[in-house]
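Here's a quick look at two spots in this structure: one residue in a loop, then one helix. Have the model open as you read.

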Amino acid sequence: MSVRIDGEKSGEVPERTGRLRGVLRGPRGEAVPALVARACTLVGVLDIAAGVFPRFRHSRMHTLAEVLPGALGPFAAALSLSAGVLLLLLAHGLRRRKRRAWRAAVVLLPAGALAQFTYRHSLIGVLVSLALLAPLLRHRGEFTALPDPRSRWRALANFVLMGAGSLALGLVIVSVHPHRMVGDPSLADRIEHVLYGLFGLEGPLDYTGTTSWTVAFSLGALGLLTAVTTIYLAFRPEHPAARLTEDDETRLRALLDKHGGRDSLGHFALRRDKAVVFSPSGKAAVTYRVVSGVMLASGDPIGDVEAWPGAIERFMDEARAHSWTPAVMGCSETGGEVWTRETGLDALELGDEAVVDVADFSLAGRAMRNVRQMVKRIERAGYETRVRRIRDLGEGELDRIRRAAEDWRGTDTERGFSMALGRVGDPADGDCLIATAHRVEGPARRGSARTSGPGGAADGTTAGAGRTTGDGWTSAGPGPYGDLKAVLHFVPWGVDGVSLDLMRRDRSADPGMNELLIVAALQAAPRLGVTRVSLNFAMFRAALARGEKIGAGPVLRVWRGLLVFLSRWFQIESLYKFNAKFRPRWEPRFVVYRTSRDLPRIGLAALQAEGFLSLALPHVLRRHPKAPRPCAHALAERDVRAA
């Protein structure tokens with residue numbers, strides 16, 4: 001398959017590809033910020049050590065530490081400590097080539113040099129500061145990264161972290177002078193002295209000589225740093241994280257109408273907590289979310305495959321502008337080839353997606369015996385299924401399904417990113433498919449569960465709690481959601497496919513609800529024009545499958561054992577075995593990354609994005625989320641339905 005850049009000749013692809021690779025892997029572009037960051041870290045550590053430990057200040061290292069930025073005159077300990085903490089805070093930003101960190105370092109280092117010459121007349125101190133300042137000015141073009149998306153909640157996080165760090169460092173400060181401390185104060189007294197000192201007040205401890213002033217200035221400097229950084233974060237202009245705009249969503253839906261059948265994850269690009277970059281021609285797009293400094297895309301680019309390189313280039317330009325780590329989760333083999341060819345990134349197989357071809361699915365045969373028996377047992381227990389499009393449901397039933405799905409979620413945060421839409425029943429998602437299971441009372445029925453048509457029950461309505469349906473069954477609805485016991489939601493995959501979005505069930509319902517609804521959806525698929533159904537994604541499926549076979553090597557068995565152990569907390573083995581019940585074909589999915597050093601960071605960002613790892617504020621401190629924003633198309637469709 002040949003790939004070309006939007007509006008350009010195919011012969012120009014190598015030149016564009018080489019430029020992208022130079023952006024990603026240029027040695028000078030990465031070495032200079034990293035070297036400057038390491039220098040600031042070293043100087044910061046030495047400054048902190050000089051300000052905290054008295055023996056260090058009077059050792060041979062004092063000759064070097066004394067001339068570092070911040071060790072000035074009679075306030076050497078406090079100012080050295082402050083300069084060290086500030087340099088440590090700036091080091092991370094300098095490593096990521098942040099422009100603001102560069103500006104702060106450029107201001108801090110000359111100030112330290114001027115103070116050295118003014119108060120101590122030290123030329124060595126001036127030279128040390130200028131030696132650090134020189135590479136910053138010479139390579140100023142390397143520090144161009146824009147700020148990250150932020151909110152004022154970071155001020156609270158800074159206050160907690162800086163406060164805890166200041167308390168711990170303060171305990172060290174008050175305890176490193178045992179021979180000059182009056183009496184033998186307890187740990188509680190020392191903590192009290194630190195807390196008073198952070199607020200600039202005199203505590204219960206006392207020292208001989210000038211040590212009391214040293215400790216007081218050091219604690220006061222830590223408290224001042226905590227207050228200043230917190231106030232700055234609280235009152236700086238807020239730049240909220242990017243969101244999918246109404247125009248972006250309209251353009252993405254147009255691309256999906258033309259090319260949505262290429263990738264089963266394409267419709268998930270319409271999550272409204274993602275941002276998007278388009279190719280220059282507008283024929284392709286890449287959606288992403290920034291998590292902990294990782295620019296995380298999911299699935300393949302949306303749109304014409306010939307326009308993918310243009311969208312990928314815009315994605316990489318955005319990552320470089322903000323110094324984000326680029327990564328792609330769950331792209332297909334074709335997508336992985338384009339990503340690696342156009343950017344020089346590497347790809348690693350992450351797992352497999354289970355895809356069931358409707359024409360080949362059947363409950364007959366020994367291989368499907370367990371699923372067949374489970375479905376029959378649930379049918380005899382008095383359950384029925386209904387498979388319909390979202391547009392065919394009434395507003396009252398949609399609201400009931402939404403509330404049930406929210407209540408049955410089981411976690412505080414919504415899980416899913418690469419294979420989750422994040423909403424149910426939006427008017428703009430009328431083509432989505434929904435399968436529901438209902439518990440009804442009545443005579444046991446043989447055969448498959450009754451699957452209603454678009455209208456729900458026989459009379460075109462949905463059975464409510466305690467009402468008799470047209471065939472003599474009585475709905476059993478003791479719960480808050482009537483007879484509703486389980487929900488499966490599918491998003492469109494082109495014009496002839498659907499992709500599983502979420503599975504929710506009432507905890508009091510019989511086991512096997514998900515199997516029942518998947519079978520019902522597959523059996524109803526021909527009537528709805530669906531020929532292929534994408535189920536869950538199974539991470540490391542190949543390792544689990546090969547590791548349990550006869551002849552598997554010791555390394556593969558150990559790797560499989562580790563995956564089985566991790567399955568206690570993450571659905572690794574269980575998802576693989578669940579998907580395997582339906583005899584699917586497996587489509588490999590890949591993670592695309594820059595270097596192997598980035599993989600742990602990308603893994604943590606993916607866990608955060610998928611909802612398995614939460615670094616958010618406690619629930620009582622969070623802002624209440626706003627209702628989902630319907631697009632103009634959704635509002636127009638709602639008006640038509642109301643009329």
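## A loop aspartate

This is a predicted model, and we'll start with aspartate 263, which sits in the loop joining α11 (246-259) to β1 (275-278). Is aspartate 263 buried or exposed? Its relative accessible area is just 6%, and buried means under 20%, so aspartate 263 counts as buried.

Who are the neighbours? Leaving out residues up to four places away in sequence, aspartate 263 touches Gly299, Asp300, Trp493 and Arg589. With Asp300 there's a polar link too: the side chain of aspartate 263 reaches the backbone nitrogen of aspartate 300 at 3.0 Å.

## Helix α14: length and faces

Next up is α14, which covers residues 369-380. Does its length add up or fall short? At 1.5 Å a residue, these twelve residues should span 16 Å, and the end C-alpha atoms are 17 Å apart, so the two values agree.

Now for the sides of the helix. Val371, Val375, Ile378 and Glu379 are buried in α14. Looking down the axis of α14, the buried residues fall within an arc of 105°, so they line one face. The background is simple: an α-helix has 3.6 residues a turn, so residues three or four places apart point the same way. Over on the other side of α14, Asn370 and Arg380 are exposed.

## What surrounds α14

What covers the buried residues of α14? The cover includes β7 (383-389) and α16 (513-524). As for what comes after the helix, α14 is followed by glycine 382, with a positive phi near 100°.

Note on methods: Residues are numbered from 1 along each chain as its sequence is written. This is a predicted model: local features need pLDDT of at least 70, side-chain atom pairs count only at pLDDT 80 or more; totals for chains, interfaces and linings use all residues. Side-chain values use heavy atoms; hydrogens and water are left out. Helices (H or I, at least four residues) and strands (E, at least two) are DSSP runs, numbered from the N terminus. Buried means under 20% relative accessible area, exposed over 50%, partly exposed in between (1.4 Å probe, protein chains only). A polar contact is a pair of N or O atoms within 3.5 Å; within protein, one must be able to donate a hydrogen and the other to accept it, and residues adjacent in sequence count only if both atoms are side-chain atoms. Contact means heavy atoms within 4.5 Å. The expected span of a helix is 1.5 Å times one less than its number of residues. The arc is that of the directions from the helix axis to the C-beta atoms.
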